[in-house]
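Student: I have a model open and would like to go through the reasoning behind its labels. Could we take them one at a time?

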Amino acid sequence: MTDDDAIHDAGTPRQRAARMPQSGHGIASFVIALVSGLVVLASITFSALLVASGNAEQHMPVFGLIGIVMCAFLALSLVGLVLGFMALRRQDRRRTFGAIGLGLNALILVGTTGLVLVGTFFSHSNS
C-alpha cells in the first residue's frame with residue numbers, strides 16, 4: 001500500500017504539488033509570449049510581402065509603423081521574460097506556464113535579433 005503524501009523524487013508531496021495553483025506571473029508570461037510571437041511574426045511577414053511587391057520606397061511610412069509595432073511587442077516580450085523568471089522563483093505555485101512563457105519569450109527575442117543580424121549582414125554584403 002502506498003501513501004499518497006509520500007515524498008517523491010522532486011522533494012515535494014505529489015498531492016500537494018497537484019493542488020497548488022498555477023502562478024499568475026507564469027500565465028501572464030505565457031499569454032504575452034503568444035501575443036508577442038504572433039504580432040512579431042505577422043510584422044515580419046507583412047514587411048516581407050511589401051518588399052516582394054516591388055517598389056519598397058513607396059512603403060517607407062508603413063515600414064516605420066511596422067518597426068514601431070515590432071519594437072513595442074519586443075519590449076512586451078522582454079516583460080514576459082521577466083515575468084517568466086518571477087514565476088519560476090515562486091515555490092508555492094506551479095511553474096509550468098512560467099517555464100513555457102520564459103522559453104517562448106526568450107525564443108522570440110533571440111530569434112528576432114538573429115533575423116535582424118542576418119538581414120543586416122546580407123544587406124551589407126550585397127551592396
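Tutor: Gladly, and keep in mind that this is a predicted model. Let's begin with α3: its 30 residues, at 1.5 Å a residue, should span 44 Å, and its end C-alpha atoms are 44 Å apart, so the two values agree.

Student: What makes the expected span of a helix 1.5 Å times one less than its number of residues, and how does that apply to α3?

Tutor: The rule is set by definition: the count is lowered by one before multiplying by 1.5 Å. For the 30 residues of α3 this gives the expected 44 Å, in agreement with the distance between its end C-alpha atoms.

Student: How many helices and strands does the chain have?

Tutor: Four helices and zero strands, so the pattern along the sequence reads α-α-α-α.

Student: Why is Leu-104 called partly exposed?

Tutor: Leu-104, which lies in helix α4, has a relative accessible area of 31%. Buried would need under 20% and exposed over 50%, so a value in between is called partly exposed.

Student: What makes Leu-104 eligible for a nonpolar patch?

Tutor: Patch residues need over 30% relative accessible area, and Leu-104 has 31%, so that cut-off is passed. Its partners in the patch are Ile-27, Val-31, Leu-34, Val-35, Ile-100 and Leu-107, and the patch covers about 550 Å². Both α2 and α4 supply at least two of the residues, with α2 giving the largest share, four.

Student: Which residues make up the largest nonpolar core?

Tutor: There are 12: Ala-33, Val-40, Leu-50, Ala-56, Phe-63, Ile-66, Met-70, Leu-74, Leu-81, Leu-102, Ile-108 and Leu-109. Two or more residues come from each of α2 (24–52), α3 (60–89) and α4 (96–126), and α3 gives the most, five.

Student: Why is Ser-77 of α3 buried and yet not counted in a nonpolar core?

Tutor: Ser-77 is among the buried residues of α3, but serine is not one of the residue types that a nonpolar core admits, so burial alone does not qualify it. Phe-63, Ile-66, Met-70, Leu-74 and Leu-81 are also buried in α3, and these do belong to the core.

Student: What is Val-40 in contact with, leaving aside its neighbours within four places in sequence?

Tutor: Met-70, Phe-73, Leu-74 and Thr-112. Of these partners, Met-70 and Leu-74 are core members, as is Val-40.

Student: What share of the chain's residues is buried?

Tutor: Of the 127 residues, 25% are buried. Carbon and sulfur atoms hold 71% of the accessible surface, which comes to about 8500 Å².

How values were computed. Residues numbered from 1 in each chain as written. Predicted model: local features only at pLDDT ≥ 70, side-chain atom pairs only at ≥ 80, totals over all residues. Heavy atoms only, no water. Core = buried A, V, L, I, M, F, W, Y, C linked by side-chain atoms within 4.5 Å. Buried < 20%, exposed > 50% of the residue type's maximum accessible area, 1.4 Å probe, protein only. Contact = heavy atoms within 4.5 Å. Patch = residues over 30% accessible without salt bridge, like charges linked within 9 Å, V, L, I, M, F, W, Y side chains within 5 Å. Areas by Shrake-Rupley, 256 points an atom, 1.4 Å probe, with all protein chains shown as cover. Salt bridge = Lys/Arg side-chain N within 4 Å of Asp/Glu carboxyl O.
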